Amino acid sequence: MIVRFIARDGTDTRASATAGDRLLDVAQAHHQPLEGTCEGQLSCATCHVIVDPADFARLPPASEDEEDMLDLAHNATRTSRLACQIRLTDALDNLTVRIPG
């Protein structure tokens with residue numbers, strides 16, 4: 001499966017992934033600037049991404065804890081998510097996310 005990352009400067013990176021991978025792990029393996037400081041424990045928002053609106057409905061809904069962390073994320077939008085909370089599935093092939101500025 002493929003995940004498309006759009007960097008702050010507009011650079012488009014397509015990354016290979018496997019069903020079951022966390023989006024954060026895929027991003028870091030492909031040198032995307034997502035920290036993931038809390039290692040997926042929902043205590044930071046350093047892996048904040050903006051999901052393409054066309055793809056957002058394909059994701060399972062965010063948990064209340066994730067929503068609370070997104071309230072603290074810089075430049076959060078209606079389609080913001082935490083990459084550590086997204087497990088990739090075959091249904092998410094060609095997912096596009098932006099790295100916020």
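Two strands count as paired if DSSP finds at least two bridges between them. The structure treated in these exercises is a predicted model.

**Exercise 1. Strand pairing**

Determine which strands are joined to strand 1, and in which direction each pair runs.

*Solution.*
Step 1. Strand 1 (residues 2–6) is joined by five bridges to strand 2 (residues 12–16), and these two strands run antiparallel. Because two bridges are enough for pairing, the five bridges found here make strand 1 and strand 2 a pair.
Step 2. Within this pair, Arg-4 has Arg-14 of strand 2 as its bridge partner.
Step 3. Strand 1 is also joined to strand 5 (residues 95–98), here by four bridges and in a parallel arrangement. In strand 5, Val-97 stands opposite Phe-5.

**Exercise 2. The hairpin**

State how many residues lie between the strands of the hairpin of strand 1 and strand 2, and describe the phi of Gly-10.

*Solution.*
Step 1. Five residues lie between the two strands of this hairpin.
Step 2. In the hairpin, Gly-10 adopts a positive phi near 95°.

**Exercise 3. Positive phi outside glycine**

Locate His-31 and Asn-75, and classify the accessibility of His-31 and of Asn-75.

*Solution.*
Step 1. His-31 is not a glycine, yet its phi is positive, at about 60°. The residue belongs to the loop between helix 1 (23–29) and strand 3 (48–51).
Step 2. The cut-off for exposed is over 50% relative accessible area; His-31 has 71% relative accessibility and therefore counts as exposed.
Step 3. Asn-75, likewise a residue other than glycine, has a positive phi near 65°. Asn-75 is found in the loop between helix 3 (64–70) and strand 4 (80–82).
Step 4. With a relative accessible area of 38%, Asn-75 is partly exposed.

Key:
Residues are numbered from 1 along each chain as its sequence is written. This is a predicted model: local features need pLDDT of at least 70, side-chain atom pairs count only at pLDDT 80 or more; totals for chains, interfaces and linings use all residues. Side-chain values use heavy atoms; hydrogens and water are left out. Buried means under 20% relative accessible area, exposed over 50%, partly exposed in between (1.4 Å probe, protein chains only).
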